[in-house]
Number of protein chains: 2
Amino acid sequence: MDTRERLIESTRELLWERGYVGTSPKAIQHRSGAGQGSMYHHFTGKPDLALAAMTRSAQEMRDSAEAAFTGPGTALQRVSAYLRRERDALKGCPVGRLTQDPDVMADPVLRKPVEETFAWLADRLAGLLAEAREDGELDAALDPAATAAALAAVVQGGYVLARAAGRPDAYAAAVEGALGLLTRPKGD
Amino acid sequence: MDTRERLIESTRELLWERGYVGTSPKAIQHRSGAGQGSMYHHFTGKPDLALAAMTRSAQEMRDSAEAAFTGPGTALQRVSAYLRRERDALKGCPVGRLTQDPDVMADPVLRKPVEETFAWLADRLAGLLAEAREDGELDAALDPAATAAALAAVVQGGYVLARAAGRPDAYAAAVEGALGLLTRPKGD
DNA sequence: GTCTATATTCGGATAGAC
DNA sequence: GTCTATCCGAATATAGAC
């Protein structure tokens, strides 16, 4: 891995662990093993490097979600698989956590990957739920878009609860609660 | 409002807006109109002042939730009222946002009010859902604790989605999606 | 491309006068 | 209780040598 690459990966880790305001150029240099001059040679400054890191994390989030969405099973099963996918619940969502960073949200350029990623996710989930509804897997009375928003929120909120409790199973409980609501037989 | 009080209130605002790492003593002094010496007279330092602010915000969160929980209507209606309660979705949850703050979570003293608040909320919601289930308002197949976790997650995640989208209605969509799942007639 | 030196401001506080 | 002075290291770079 070359220097530029190590800088990006180290920044991704630090943004995940400490957020944007909590991540200093010095910490990035230290973790990546790159020197001051090296960092400023490859990137114009902290925002530039953070953008590269955030863009990659956003892409990775989409890829791993898409892997679940295009996996085996019915539409509803694929949504369930996405929700139950292995996650490091205590670390939180590398993209979602940026939403709490004032300096990220204040800068349209930094904000864009975050905004786009969640818009994509909501849209993708809504499509799958619409498909499930057409197939009779899901109650026709449910609004796919609103239901999709609820599920995306359960994931993000599940991270918050897990971190608050200090226990990953708080995330699992939220997801199972949501799936209990989503998949219970409607004609019972 | 005396100086000590202004310091606490200003700190609450700043923690809400910028988080713990993003809030400097200087910024607190500036917003509160208190001087350096004044701040260090009333509090031993930033963590001490933050603890006072966080404790108050946590109490406020409980109080406002409790107001909805003990309001009029059936158990399920009170849960719905809590979810639909007016919120400044773009600002996020003043307590939940602290879970993203590494320096808060690393300090057991600072972490405690956050942890306790969400434990209380989950417990309270689970109790109401159990009540709803006994009253036949809620499907007997649903686990009250897991369902409660899902609802608490929808609220916290709803804030994340609203901030990501830059639109408060993303929060409302998540809540309505969750309520759609929770309250749809089971015998349809 | 990487290193070292230097610069400015901020963060987080202590000390002591008033 | 509040103010001002002072301190030391971190944050975020820029400049120029190698």
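This is a short chat about a predicted model, covering its DNA strand C and its salt bridges.

Me: Which residues are closest to DNA strand C?
Reply: A:Thr3, A:Ser38, A:His42, B:Pro25 and B:Gln36 are the closest. In total, 13 residues surround the strand. A residue is near a strand if one of its heavy atoms lies within 4 Å of it.

Me: Which helix gives the most to that surface?
Reply: H3(A), with five residues. Helix H3 (36-42) of chain A and helix H3 (36-42) of chain B each supply at least two. Helices are DSSP runs of H or I with at least four residues, numbered from the N terminus.

Me: How many of the surface residues are polar, and how many charged?
Reply: Ten are polar, one is charged and two are nonpolar. Asp, Glu, Lys and Arg count as charged. Ala, Val, Leu, Ile, Met, Phe, Trp, Tyr, Cys and Pro count as nonpolar, and the others, Gly among them, as polar.

Me: What does A:Ser38 do at the strand?
Reply: A polar side-chain atom of A:Ser38 lies 2.8 Å from a phosphate oxygen of DNA strand C. A:Gly35 uses a polar backbone atom, 3.4 Å from a phosphate oxygen.

Me: And B:Tyr40, what is it close to?
Reply: A sugar or linking oxygen of DNA strand C. A polar side-chain atom of B:Tyr40 lies 3.4 Å from that oxygen.

Me: New topic. How many salt bridges are there?
Reply: The count is 28 over all chains. A salt bridge is a side-chain nitrogen of Lys or Arg within 4 Å of a carboxyl oxygen of Asp or Glu.

Me: Which residue pairs with A:Glu131?
Reply: A:Arg78, with the closest N and O atoms 3.2 Å apart. The pair links helix H7 (residues 108-134) and helix H5 (residues 75-84) of chain A, 53 residues apart.

Me: Is A:Arg78 buried or exposed?
Reply: Buried, at 13% relative accessibility. A:Glu131 is partly exposed, at 32%. Buried means under 20% relative accessible area, exposed over 50%, and partly exposed in between, using a 1.4 Å probe and protein chains only.

Me: Which residues form a network?
Reply: A:Glu5, A:Glu9, A:Arg12, A:Arg56 and A:Glu60 are linked by salt bridges.

Me: What are the ground rules for numbering and confidence?
Reply: Residues are numbered from 1 along each chain as its sequence is written, while chains are lettered from A and ligands numbered from 1 in the order written. Local features need pLDDT of at least 70, side-chain atom pairs count only at pLDDT 80 or more, and totals for chains, interfaces and linings use all residues, while side-chain values use heavy atoms, leaving out hydrogens and water.

Conventions
Polar contact = N/O pair within 3.5 Å; in protein donor to acceptor, adjacent residues only side chain to side chain.
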